[in-house]
Amino acid sequence: MNTLFKRKKIKVYLWVLTISTATLLTIGYVFGIEKNFVLPVDKMNTKSYNQKSFWFGPWGQSIVHKGVDIFGKIGTNIFSSTPGIVIIKGYNKIGGNAVMVLSPDLKVHYYAHLESINTTLFSTVSAGEKIGTLGDTGNAKGKPPHLHYGIHTLFPFIWNIDLSKRHGLRKMFYVDPIPYLNQKLNFKRKK
Ligand SMILES: [Zn+2]
């Protein structure tokens with residue numbers, strides 16, 4: 001009796017797991033960043049960022065650079081690159097004025113060094129909606145103004161682990177944003 005009950009429990013658990021995974025994958029596909037991606041900096045082009053920016057090191061306190069820096073003029077509009085919910089908004093010493101947006105495919109998009117933040121906590125944003133302006137706040141002070149844009153994944157992408165690199169294990173929680181920018185700008189990266 002007991003084992004039968006246990007088996008039933010496991011079966012239910014597996015079903016719930018399967019259904020929730022399938023739902024998440026469907027939502028991720030429908031709202032996935034690949035489809036709706038919008039360039040985060042107004043009027044940016046392929047010269048606004050360095051192709052080797054992601055995971056470049058050594059990179060000060062961060063050891064390696066876990067995103068891309070997109071350079072521009074102070075006050076340039078910053079857009080949410082995906083639809084999502086604003087989960088963090090505020091000031092931190094490194095990122096300065098920063099915003100984090102959770103997209104439906106469970107990725108967190110980090111926008112840092114903003115001059116001003118033009119969104120509110122827990123508000124839903126659409127792709128292309130203004131969330132702030134480009135600046136040089138946080139540890140970007142004294143450096144050319146830029147947006148630090150990073151894509152973090154809550155779901156570990158174990159195939160991204162690269163132990164030959166610094167912080168190689170952590171790489172499973174980060175996505176290289178540069179291919180998304182390149183694709184939008186019709187730029188082919190040389191390998
Ligand atoms: Zn950066």
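How many bridges pair strand β4 with β5, and in which sense? Keep that in mind as you load the model, which is a predicted one.

**Whole chain**

Show the protein chain as a cartoon. It has 3 helices and 10 strands. From start to end, the pattern reads α-α-β-β-β-β-β-β-β-β-β-β-α. The C-alpha trace spans about 70 × 40 × 35 Å along its principal axes. Colour by burial next. Of the 191 residues, 30% are buried. Then consider contacts between residues at least 6 apart in sequence: 62% of them join residues at least 24 apart.

**β4, β5 and β9**

Select residues 96-103, which are β4, and residues 107-114, which are β5. Here is the reply to the opening question: 6 bridges pair these two strands, in the antiparallel sense. Zoom in on Val101, which stands opposite His109 in β5.

Move to the hairpin of β4 and β5. There are 3 residues between the strands. Leu106, in this hairpin, takes a positive phi near 60°.

Now add residues 146-153, strand β9. β5 is joined to β9 by 6 bridges, and these strands run antiparallel. Click His109 again. Its bridge partner in β9 is Ile151. So His109 can be followed to both sides: Val101 stands opposite it in β4, and Ile151 is its partner in β9.

Is β5 mostly covered or mostly open? Covered: 7 of its 8 residues are buried.

**The three-stranded sheet**

Hide those strands and select residues 77-79 (β2), residues 130-133 (β8) and residues 116-117 (β6). These 3 strands form an open sheet in the order β2-β8-β6, with antiparallel pairing. β2 and β6 stand at the edges, each with a single partner strand, so one side of each has no neighbour in the sheet.

Check each join. Between β2 and β8 there are 3 bridges. Ile78 stands opposite Gly132 in β8. Between β6 and β8 there are 2 bridges. Ser116 has Thr133 in β8 as its bridge partner.

**The nonpolar core**

Which residues touch the most other members of the largest nonpolar core? Select Ile78, Val99, Tyr111, Leu114 and Leu147 and show their side chains. The core holds 22 residues. At least two residues each come from β1, β4, β5, β9 and α3 (178-184). β5 gives the most, with 4 residues. In general, nonpolar side chains of soluble globular proteins tend to be buried together.

Stay on Ile78. Setting aside residues up to four places away in sequence, its contacts include Tyr111, Leu114 and Leu147. Pro40 and Val41 are also among them, as is the run Lys130, Ile131, Gly132, Thr133 and Leu134.

**Gly72**

Go to the loop between β1 (68-71) and β2, where Gly72 is found. Is Gly72 buried or exposed? Buried, because 22 other C-beta atoms lie within 10 Å and the cut-off is 20 or more. Show what Gly72 touches beyond four places in sequence: Val41, Met44, Ser48, Leu134, Pro145 and His146. Val41 and Leu134 also appear among the contacts of Ile78.

Draw a distance from Gly72 to Gly90, C-alpha to C-alpha. It reads 21 Å, for two residues 18 apart in sequence.

**Backbone oddities**

Most residues other than glycine have a negative phi, and most peptide bonds are trans. The next stops depart from that.

- Select Gly57 and Pro58. A cis peptide bond joins them, with omega about 0°. Pro58 is in the loop between α2 (33-36) and β1.
- Select Ile63, in the loop between α2 and β1. Its phi is positive, about 70°, although it is not a glycine. Ile63 counts as exposed because it has 12 C-beta neighbours inside 10 Å.
- Select His167, in the loop between β9 and β10 (174-175). Its phi is near 55°, again positive in a residue other than glycine. His167 is partly exposed, with 15 other C-beta atoms within 10 Å.

Methods:
Residues are numbered from 1 along each chain as its sequence is written. This is a predicted model: local features need pLDDT of at least 70, side-chain atom pairs count only at pLDDT 80 or more; totals for chains, interfaces and linings use all residues. Two strands pair if DSSP finds at least two bridges between them. Two residues are in contact if their C-beta atoms, placed from the backbone, lie within 7 Å. A nonpolar core is a set of buried Ala, Val, Leu, Ile, Met, Phe, Trp, Tyr and Cys residues joined through C-beta atoms within 7 Å.
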